[in-house]
Structure formats: C-alpha cells, structure tokens
Amino acid sequence: MQVTNISEGTYQLSVNVENILFEGLWEMPNGVSLNSYIVKGEKTAIIDGVCGWDGVPETFYSLLDQLDIAPESIEYLVVNHMEPDHSGWIENLKKINSNFKIVCSKKAKELLSAFYYHTENITTIADGDTLDLGNGHVLSFYEIPNVHWPDTIATFDALTGTLFSCDAFGSFGKVENQKYGDELTENEREVYENDTLRYYSNIVAAFSMQVKKAVAKCETLPVKLVAPGHGLMWRNPKDIFDAYSRYADYSKGPARAEITFIWSSMYGMTEKAVKHALSILEKEDIKVHVHKVPEDSWGTVLTSAWTSTGIILAMPTYEFKMFPPMAAVLEELGKKKVLNRKAFRFGSYGWSGGAQRELDDITTKLSMNWEFLEPVEFLGAPTEEVNNQIEERIKSLVKVVKEIANK
Ligand code: FEO
C-alpha cells in the first residue's frame, strides 16, 4: 500500500493483492497491484478505483488520508473500465460521498447499472472528449474497446503527458520499492516480463487484434508516462508499447524459438516416452517449457504456449478421448487464440486409440490451425521403435521451429 507522487498534482495509489485467483480463475504467484490515480486541479478526480475485496477500500482510504484528501471531496471518478477489480469499491465510496460524478464510456454506464445498480451522476464520453479539472489539467478520453472489455477507455492528461491506461499495458506482480519499468535490474526485468506475459496471455490475449489497434491509437498521443491499472509505470512509453505489440503478434505466430511441452500420464506408460523425448530435447539448442497437467495450472501453461512457436502434447487416450485435463487446457489455448503453431502429439492407449480424433475436433472447432507432424500412438509402454519415431519427429519439430521463429 503506497502513494507515489508522479508529477505536479498527480499521484499513484497502489494496493497489492495476493493469494487470490484473478477473475476467480488465474493464479498469480507474485500477486498483483491495483493502481489508482489522483489528478488534483482545482477539482479532484480519481482515475480508476480499486476492488471491493475485503479490506481493500479501507486500505485505499488510508492512502487518501496520507494525501490529505477526504473521500467526500472527490468530485470525479473516471471509470476507464468497469470490471470489479477497478470499480468494486463504488458502493463502498457511495456510503461516504454521495456527490461524486462518474465519467465513463456508454458501455461502462450500462455495466455500472447492471453490476451495481448505479445510475446517477454519470457523464458518458465519446472519443476525444475532454474534462477540465482546472490548473491546466485537462483530461481527454480515448476509446480502446476490448482491451479487454468493450467498455474500455484510456485517459490522457496533456499537462503531464500521463496516459492512464487501466488494463492496457498492465502486468501481474506486486508493486513495491520500484515504481517504474526503467528501475528494474536485468534479472528483475526478466522476472517482471514473465509476469507481464502471464497477465497478457491470461487476461488480454483473446483480444490481440484490438490490442494492436489500442497501441496504434496511444502512439499518436504525446505520452511521457504510461500509468496502468496493474503493475509498473513506464517513463519510456515505447518500451511497453513495443512489448504489447510484440505479445499481440505472438497470437498468430510465429512466436519465439521456444517449445512448450505439455504432458499427462495415468500409470507411467506415456511418462516413459516423455522422459525419452525430454532427453532428446536436452541435446537440442532450444528453450523448452515443460508442464504436467493437471498439476500445472491453465494460466501457467498458457503463458509458456503464448511465446512458443512449437507445441508438444503427450497424453494417454482416456475412454476413447484425450486425457480430460489435457482437453481442457487445449480448449483454453484455442479460446485465447494460440494460433498457427507447429505441433506434435504422442501417447499411450489401452484397448483403443481416440485421443487424436478429439484433438482434431478441438483444433478444428476453435480454428487454431496448428500444423501437426504425424502422431505417434502406442499400445501400452513405448518400444524402441516408438522411441525412435518420437526422436525423429522431435528433431523435425525443433528444426522447423528454429527456421520460422528466427526468420
Ligand atoms: Fe483489471 Fe479488466 O480489470
């Protein structure tokens, strides 16, 4: 819980949240920050709020107290995006301050009514509209729909060059001593980028085309600082604009020269072949992410698959179909638009095969357009011949991944 003085009359209020599943679904090993911003002209506006989770609004009020801002004195609440992690405290604020005005998109107005029965004192904005807070702080608003909800806008203060971008350009990971991306050491940058990729792939990825449009729109503004709703701020906007643009491109591939190896096993037969496959991959000069499901979460697998040009799936057939947790993960990869990957599948079966048929059904239904090498399916445990086939396919996959990702 921290207050950061960003520039004249502009402050960040940040609350870290841990040990929850984001959206009730996504694990966050390093937590997440909920960032809110105050712009003080002659009038005071809060840009984005916090969530209504237990204790968070009270923590937020104590941050306001540090700035000598009474919640009752807040005139405007700019809702860049209605999702409850940013707006869940509105009901709580209403108990203290019944006079604040909400500024948001038309779609957010509908959602505020539907989620919180809040219909009073709402001004809806269109692209390019402005709000003058006095003392030179004139906020302008830009629609960036579907990053990642249809209501989303970004708010820009031309006086300070600050772009308040809400979910866009955000990241998982707590915000502690460092507030800005340029304060990270090289090692910290690597950890942080993984949190950013986890956030991007888990939360925003399905809307990568809209992300590209949002980046292009934001790049036309004279931005000096990107101030997102989650994660670090960026004093060199190009760093995070370029990163987001690159992450969006990974959807259609090729992504990086990496392979994500996702495997399951019931009684160790497929696992024997997995061990052999990993021994082959160890001799290849390529980065490999290995995940066992259901032990590793969807979000973790998705983060790795997002940056990988190649995917290996190893799982047994289960009752004429894919091993169920593997089917669930594969469906999620398709829904998040992990497209055009180079892939290979192998696995054991007992009385019959069938996994391949379900795999084909899922990839077709979700238009994933993965290009598969010929699968290797085997009855019971892998034989030497099976291992040789797996070795040959894996070497082919590594070759093609390197060729297309390094172009
Ligand atoms: Fe950070 Fe879409 O809420």
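## A tour from the sheet to the aromatic rings

Select strands β3 and β4 to begin: these two run antiparallel and are joined by 4 bridges, where strands count as paired if DSSP finds at least two bridges between them, and where strands (E, at least two residues) and helices (H or I, at least four) are DSSP runs numbered from the N terminus. What you have open is a predicted model, in which local features need pLDDT of at least 70 and side-chain atom pairs count only at pLDDT 80 or more, while totals for chains, interfaces and linings use all residues. Residues are numbered from 1 along each chain as its sequence is written, and side-chain values use heavy atoms, with hydrogens and water left out.

Staying with this pair, you will find that β3 and β4 form a hairpin with 3 residues between them, and that V39 stands opposite A45 in β4. Colour β3 by accessibility next, and the strand proves mostly covered, since 8 of its 9 residues are buried, a word that means under 20% relative accessible area with a 1.4 Å probe and protein chains only, as against over 50% for exposed and partly exposed in between. Add β2 to the selection: β2 and β3 pair in the antiparallel sense over 8 bridges, and Y11 stands opposite I38 in β3.

Now move to β5 (residues 76-78), which runs parallel to β4 (residues 44-47) and is joined to that strand by 3 bridges; here I46 has L77 in β5 as its bridge partner.

Widen the selection to the whole sheet, an open one of 7 strands in the order β1-β2-β3-β4-β5-β6-β7, with mixed pairing. At the edges stand β1 (2-7) and β7 (122-124), each with a single partner strand, so one side of each is left without a neighbour in the sheet. From one strand to the next the twist averages 25 degrees, with axes taken as lines fitted to C-alpha atoms, for helices over the stretch in contact, and angles running from 0 to 180 degrees between N-to-C directions.

Show the helices that pack on this sheet. Helix α1 (residues 56-66) touches β1, β2 (10-17), β3 (32-40) and β4, and its direction makes about 150 degrees with that of β2, contact here meaning heavy atoms within 4.5 Å. Helix α4 (residues 106-116) also packs on the sheet, touching β6 (101-104) and β7, with its direction at about 130 degrees to that of β6.

Turn next to the rings, of which the structure holds 20 aromatic pairs; rings of Phe, Tyr and Trp (its six-membered ring) pair if their centres lie within 6.5 Å, and planes under 30 degrees apart count as stacked, over 60 as edge-to-face and the rest as tilted. Select F60 and W89, an edge-to-face pair at 4.8 Å centre to centre with 70 degrees between the planes. F60 lies in helix α1 and W89 in the loop between α2 (84-87) and α3 (90-96), so the pair ties together parts that are 29 residues apart in sequence. F60 counts as buried at 0% relative accessibility, and W89 counts as buried at 0% as well.

For a last stop among the rings, select F169, Y200, F241, Y244, Y247, Y250 and W306, which form one aromatic cluster.

Finish with two charges over rings, a term that requires NZ of Lys or CZ of Arg within 6 Å of the ring centre and within 35 degrees of the ring normal. K101 lies over the face of Y76, at 5.4 Å from the ring centre, and R235 lies over the face of Y180, at 3.8 Å from the ring centre.
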